[in-house]
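Q: Please show me how the two sides of a helix are read in a model of this kind.

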Amino acid sequence: MNTGSATIGAIITIICVLPFLFMYMSKTKKKKTALQTLQQLASKHDCKISQYDFLDHMVIGIDTDKKCLFFTKKENDENTNQFIDLQTVSMCYPNKALRTIIVSDKKKNSVIERVELCFESKTNSVLPTTFELYNEKDDVQLRTEILLSDKWANLINAQLA
């Protein structure tokens, strides 16, 4: 009786734990693949990633020695890779594009459409370059993109100083 109960308990435990284990392994594999893509992009520019952040479908990283920034984002099975030489940048700032929704006669709500990191060039003739961290049309839910944009804008501006 005790052996049977222990066997059934072990089987139920395994059945409950397996989905979480598979999700963890899948997330770890995605993170590793995204980081490898970022490192390959960096190696094309003779750089090495010294600091990076990962968020589900994107990775941003920096080579603090050569002052180069790298960004890769996967959307619809397609990678978007971007590179910026920070020596050509005068400043970096986070940008939130808002849209207002009228809920009722007296109430309006603001909705974030996009979160970007924008880079002003030292030469004013060039339009600002952007890394799009969040887009309402592509991403289901806003997570920590705003915090990430603030963190990286501060980190990049510290590199520029």
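Q: Which residues on the other side of helix 2 are exposed?
A: Exposed means over 50% relative accessible area, buried under 20%, and partly exposed in between, with a 1.4 Å probe and protein chains only. Leu147, Asn154 and Ala158 are exposed there. The model is predicted: local features need pLDDT of at least 70, side-chain atom pairs count only at pLDDT 80 or more, and totals for chains, interfaces and linings use all residues. Residues are numbered from 1 along each chain as its sequence is written, and side-chain values use heavy atoms, without hydrogens and water.

Q: Which residues of helix 2 are buried?
A: An α-helix has 3.6 residues a turn, so residues three or four places apart point the same way. In helix 2, a DSSP run of H or I with at least four residues, numbered from the N terminus, the buried residues are Glu145, Leu148, Ser149, Trp152, Ala153, Ile156 and Gln159. They lie on the same side of helix 2 because their arc around the axis is only 130°, taken from the directions from the helix axis to the C-beta atoms.

Q: What covers the buried residues of helix 2?
A: Contact means heavy atoms within 4.5 Å. The cover includes strand 1 (51-55), strand 2 (58-63) and strand 3 (68-75), where a strand is a DSSP run of E with at least two residues. Strand 5 (89-102), strand 6 (108-121) and strand 7 (129-135) also belong to the cover.

Q: What does Trp152 touch?
A: Leaving aside residues up to four places away in sequence, Trp152 touches Gln51, Tyr52, Asp53, Ile60, Gly61, Ile62, Leu69 and Leu117.
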